[in-house]
Amino acid sequence: MDDDRRSNAEGIAGRKQRLSDMQHRITASLLYNLVLCPHRVERDMFSDPIEKDPPNAFVELLWERGSAFESSVVEALRPEPLNLRAGNDEARVRATLTAMREGVPLIIGGRLESDDLLGEPDLLRREGDRYIAGDIKSGRGLEGGDEGDGGRLKLHYAVQLGLYTDLLERLGWSVARRAFVWDVESREVSYDFELQQSPKTPGTWWDAYQSHLELARGIANGVEKTTPALCGDCKMCHWMSACSRKAEEVGDLSLIPEVGRSRRDRLGRRFPNIRAFAAADLTAIAAAESEVLKGIGVGQALRWQARARLQLDPAAHPYSVTELELPFGETILYFDVETDPMLDFCYLHGFWVVDVAGKRFVEFHAADATRAEERSAFASAVDFVRSLPTAPIVHYAPYERVTWRGLGERYPDVATADEAQALLSTPRAFDLYHGAIRPHTIWPTRDYSIKSVAKHLGFSWRDRHPSGAASIEWFQAWLKSGDPAELQRILDYNEDDCRAMEVVLDALRKLPVKTH
Ligand code: SF4
């Protein structure tokens with residue numbers, strides 16, 4: 001586009017912008033949230049902010065880390081970029097357009113507006129006489145895949161970059177429908193919107209961006225209505241309490257562990273609430289209406305129905321659907337690690353030891369955030385486990401095994417990856433969650449996490465707000481302050497996680513078996 005047409009487009013965009021100032025703007029963060037949960041977008045637009053939960057310290061920690069990472073990347077950028085972060089919004093929009101007209105090679109903190117779209121790409125980079133947009137991300141630019149074989153573009157990054165590219169296109173400054181991510185591994189990852197999303201997903205990444213934009217506009221205009229669907233992401237969301245109340249009030253199917261949003265939507269077409277689902281003859285329905293359980297299966301649906309029925313019974317008790325094979329031994333080690341996944345750092349290995357001498361907590365922690373300390377704690381934990389070769393090791397879900405395998409790859413002189421993994425695999429170890437709780441038992445709880453299951457059995461954590469995310473926050477606080485009380489809080493939390501496993505395993509030994 002030549003300069004006249006370009007400035008015409010900018011002028012029209014500016015006028016349209018003023019007209020739509022009263023409307024909801026579609027931003028990159030809005031599209032990011034839309035990928036995680038459409039209901040969050042609706043709530044952010046229309047719900048009373050008084051219903052929001054207080055700020056989540058862990059989310060703030062993530063935010064701080066993202067900002068620190070972005071600053072470190074920006075400082076190292078060459079050629080030195082033009083920084084447009086300062087100033088009011090209107091001035092930044094004007095300055096961004098001026099900088100592009102002047103052909104500035106690299107712009108940070110630019111602001112683009114057109115119609116109802118608003119974007120603030122971290123980077124605008126000149127290519128020829130036009131620009132492409134880029135974002136600095138403190139995560140990996142791709143998901144899945146192994147080192148070397150790439151992986152897949154991330155949808156929540158793609159929709160953000162799609163918005164910036166769309167804005168550049170509308171304003172006449174886009175070089176092509178592609179953008180890039182500068183990721184945590186210092187890689188520039190290209191996001192080419194002309195590519196098909198995956199062999200199984202027809203449609204390009206541009207189509208994906210467009211469909212999300214359309215949905216966002218539908219929500220903004222009140223045409224699309226959404227409802228809460230409880231899932232793992234809710235724990236990081238400021239509407240958690242409000243959505244939980246709503247889900248309880250209407251008996252939403254997402255209250256059943258593992259149902260989630262998409263299967264809730266599918267089942268919801270036939271069963272308006274958890275009570276209707278619990279009462280249904282699923283086998284007969286599957287035979288007569290094949291669409292209802294398509295992609296779910298009768299067996300899975302019957303398991304969810306058993307969970308739903310238990311949730312609806314105030315006098316409900318958990319039960320097993322088969323005879324359980326559980327670990328026995330004179331000594332049993334209940335094991336839990338604490339890690340900071342964003343730093344790929346393991347700072348604590350905790351064991352609740354139950355043997356003929358009694359019960360005690362044994363722990364090995366990193367005294368600082370260096371690799372030397374991480375290695376030292378890992379080496380001590382491996383030595384401890386090897387010193388008790390016949391003691392079963394009980395853990396909850398595969399995270400401990402995955403973590404030790406990763407540590408084995410990093411410190412093969414302590415234990416190779418295979419050796420470390422073998423220590424936490426059958427026959428030496430027992431995964432309480434995948435070996436018993438999830439496949440073979442039914443609980444009246446909202447999820448099958450160790451917290452929910454152990455609390456149902458009457459166990460309580462000493463800390464009022466126990467969580468792995470909080471533990472990371474406490475570890476960071478302890479590194480800064482050196483306050484022993486901060487360290488003790490982490491140790492107590494980890495010990496309680498380990499002790500909770502003992503409570504759950506003991507309960508499993510006594511659980512009634514119901515096969516119908
Ligand atoms: S709490 Fe969950 S369902 Fe509610 S808005 Fe947040 S992510 Fe969506």
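**Group meeting: hairpins, salt bridges and a ligand shell**

I start with a turn. Strands E9 and E10 form a hairpin with five residues between them, and serine 186, in that turn, has a positive phi of about 60 degrees. Before I go on, note that this is a predicted model.

Staying with this hairpin, strand E9 covers residues 178-182 and runs antiparallel to E10, with five bridges joining the two. Two of the facing pairs are worth having on screen. Valine 181 stands opposite valine 189 in E10, and alanine 179 stands opposite tyrosine 191 in E10.

Which residues of E10 are on the covered face, and which on the uncovered one? Val189 and Tyr191 make up the covered face. Glu188, Ser190 and Asp192 make up the uncovered face. So the two E10 residues I just named as partners, valine 189 and tyrosine 191, belong to the covered face.

Now the sheet that contains this hairpin. Six strands form an open sheet, in the order E1-E2-E5-E6-E9-E10, and the pairing is mixed. The edges are strand E1, residues 82-83, and strand E10, residues 188-192. Each of these has a single partner strand, so one side of each is left without a neighbour in the sheet.

Next, a set of strands later in the chain. Strand E14, residues 332-340, pairs with E15 in the antiparallel sense over nine bridges. In this pairing, phenylalanine 335 has phenylalanine 351 of E15 as its bridge partner. The E14 and E15 hairpin has four residues between the strands, and aspartate 344 there takes a positive phi near 50 degrees.

On its other pairing, E15 is joined by eight bridges to strand E16, residues 358-365, and the two run antiparallel. Valine 353 stands opposite arginine 360 in E16. E15 and E16 also form a hairpin, with two residues between them.

Is E15 itself buried or exposed? Eleven of the eleven residues of E15, residues 345-355, are buried, so this strand is largely enclosed by the rest of the structure.

That brings me to a charged residue that touches E14. Glutamate 400 is in helix H14, residues 399-410. Leaving aside residues up to four places away in sequence, glutamate 400 touches Phe335, Asp336, Val337, His395 and Leu424. Phe335 is the residue I just paired with phenylalanine 351. Glutamate 400 is buried yet has no salt bridge. How far away is the nearest side chain of opposite charge? That side chain is arginine 401, at 8.4 Å, against a salt-bridge cut-off of 4 Å.

Elsewhere there are salt bridges to look at. A search of the whole structure finds 46 of them. I will go through three pairs and one network.

The first pair on my list is arginine 125 with glutamate 127, where the closest N and O atoms are 3.7 Å apart. Arginine 125 counts as partly exposed because its relative accessibility is 24%. Glutamate 127 is also partly exposed, at 22%.

Next come glutamate 143 and arginine 152, whose side chains meet in a salt bridge at 3.9 Å, N to O. Glutamate 143 is partly exposed at 33% relative accessibility, and arginine 152 is partly exposed with a relative accessible area of 31%.

Then arginine 489 and aspartate 463, at 2.6 Å, N to O. Arginine 489 lies in helix H19, residues 484-510, and aspartate 463 in the loop between helix H17, 450-456, and helix H18, 468-481, so the pair ties together parts that are 26 residues apart in sequence. In this pair arginine 489 is partly exposed, at 32% relative accessibility, whereas aspartate 463 is buried, at 15%.

As for the network, salt bridges link Arg25, Asp89, Arg92, Arg111, Glu113 and Glu120.

Last, the ligand. Which residues are around the ligand? They are Cys37, His39, Arg40, Pro228, Ala229, Cys234, Cys237, Trp239, Met240 and Cys243. Helix H3, 38-46, and helix H8, 240-250, are the elements that give two or more residues to this shell. By class, the shell divides into eight nonpolar residues, one polar and one charged.

That is what I have for today.

Definitions and conventions: Residues numbered from 1 in each chain as written. Predicted model: local features only at pLDDT ≥ 70, side-chain atom pairs only at ≥ 80, totals over all residues. Heavy atoms only, no water. Buried < 20%, exposed > 50% of the residue type's maximum accessible area, 1.4 Å probe, protein only. Lys, Arg positive; Asp, Glu negative; His and termini not counted. Contact = heavy atoms within 4.5 Å. Near = heavy atom within 4 Å. Nonpolar A, V, L, I, M, F, W, Y, C, P; charged D, E, K, R; others polar. Pairing = 2+ DSSP bridges.
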